[in-house]
Amino acid sequence: RKYSRFIQNGLIPNMLAETGRAANYDTVDATLWYIILLYKVGKAKQQVAFYQETIHLAEEILKAIIGNRTYPFRIREDGLIELEEEFAHATWMDVRLNGKAVTPRNGAPVEINALWYNAIRCYEAMCKALGKCCPDKCTAVDSIVAYAPRIEATFRKYWTGEYLADRLVGDEPVKEIRPNALLACSLPWDLLTREQLQSVFEVASRELYTPYGIRSLSPRDFRYRKKYYGSQNERDLAYHNGSAWAWLLGPYCGVYLKIHRGHAPLEEIKKDLARFIAVFRNGFMRGHIASVAEVWDGDNPHFPKGAPAQAWSVAALYNIETFIANAKES
């Protein structure tokens, strides 16, 4: 409810004005995550009334994104969201030096468009849940959902044969091995086959996985920075170019679950998940460390860097542990 009051032309802020600074609308993905969260909360509550309260927010956001004339992005003819060069920082990889993105995401970023597709499907699912009791609540459902099959058909452009390109510039795939492919694959509605998901997971395990988190770039890439240290500029160059992020263990384990749930014994799945987070389980969960840091060095030895206690790092670990503790055979 608090964030809903800050929606401007379809976006929620990257930063709220709690410190006296102006709210920052330099992010596209936050609003799409917001719609997915609205859907998940209503599903968890099993309350159609929640959708009655929130469906107008989802519809307002999606209509504003489609008709955007305010921010430097557009909807392409093929249905994808494309960021202009001046908005190349508008994803979670948002560091800028001298006004320019360190990890430019201009074009059509892979996770932004998977989020865009999933936000549409979440809106559609909320409308279906409201269909019997409140058919007048979803006034734009047909025009919005019409974008979904276009995105499905276009998403194949990202496929490189074993992984997902990090973005498309025009129709040209930028073949960087980054964790954004895991984000794209971990969402509720799939755009890849199970075999493709398996391939993405295997490449990420080989190139990006560390016991402390998922690297932001493959070590085989010439821009890879193995250590997060030095001046502010040097650290900014490493932030999304090799540093390992603990929060990304969440989508990594999410993709693993998609591949193996229903195809492997539950106890085996739980053991694998425990193995992925073994370092944190032996440290944080047993009280040896106070919290979970923001990032770690990409190369061994992996020293914690950045914020010493980061909310989304803790949340990822908590969610994985909760699944291990509560999962039952479906």
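This report describes the cysteines and the aromatic ring pairs of a predicted model.

**Cysteines**

The structure contains one disulfide. Its two partners are Cys127 and Cys138, whose sulfur atoms lie 2.3 Å apart. A disulfide is counted when two cysteine sulfur atoms are within 2.5 Å, so the distance of 2.3 Å between Cys127 and Cys138 qualifies. The angle about the S-S bond is -110°, and the link of Cys127 and Cys138 is left-handed. Cys127 belongs to helix α3, which covers residues 110-130, whereas Cys138 sits in the loop between α3 and α4 (141-145); the disulfide therefore ties together parts that are 11 residues apart in sequence. Both Cys127 and Cys138 are buried.

Cys122 takes part in no disulfide. For Cys122, the nearest cysteine sulfur is that of Cys127, at 11 Å. Cys122 has 0% relative accessibility and therefore counts as buried.

Why does Cys253 not bond to the closest cysteine sulfur? That sulfur belongs to Cys185 and is 14 Å from the sulfur of Cys253, which is too far for a bond. With a relative accessibility of 3%, Cys253 counts as buried. The cut-off for buried is under 20% relative accessible area, so the value of 3% for Cys253 falls below it.

**Aromatic pairs**

Across the whole structure, a search finds 24 aromatic pairs. Two of them are set out in the table below, each with its ring-centre distance, the angle between its planes and its class.

| Pair | Centre to centre | Angle between planes | Class |
|---|---|---|---|
| Trp116 and Tyr147 | 6.1 Å | 55° | tilted |
| Tyr256 and Phe276 | 5.3 Å | 80° | edge-to-face |

Planes over 60 degrees apart count as edge-to-face, so the angle of 80° places Tyr256 and Phe276 in that class. At 55°, the pair of Trp116 and Tyr147 is tilted.

Where in the chain do Trp116 and Tyr147 lie? Trp116 is in helix α3 and Tyr147 in helix α5 (residues 147-154), so their pair ties together parts that are 31 residues apart in sequence. Trp116 and Tyr147 are both buried.

The pair of Tyr256 and Phe276 also links distant parts of the chain. Tyr256 is in helix α9 (residues 249-260) and Phe276 is in helix α10 (residues 266-276), 20 residues apart. Tyr256 is buried, as is Phe276.

Which residues form one aromatic cluster? The members are Trp92, Tyr228, Tyr239, Trp245, Trp247 and Trp312.

Key
Residues are numbered from 1 along each chain as its sequence is written. This is a predicted model: local features need pLDDT of at least 70, side-chain atom pairs count only at pLDDT 80 or more; totals for chains, interfaces and linings use all residues. Side-chain values use heavy atoms; hydrogens and water are left out. Helices (H or I, at least four residues) and strands (E, at least two) are DSSP runs, numbered from the N terminus. Buried means under 20% relative accessible area, exposed over 50%, partly exposed in between (1.4 Å probe, protein chains only). Rings of Phe, Tyr and Trp (its six-membered ring) pair if their centres lie within 6.5 Å; planes under 30 degrees apart count as stacked, over 60 as edge-to-face and the rest as tilted.
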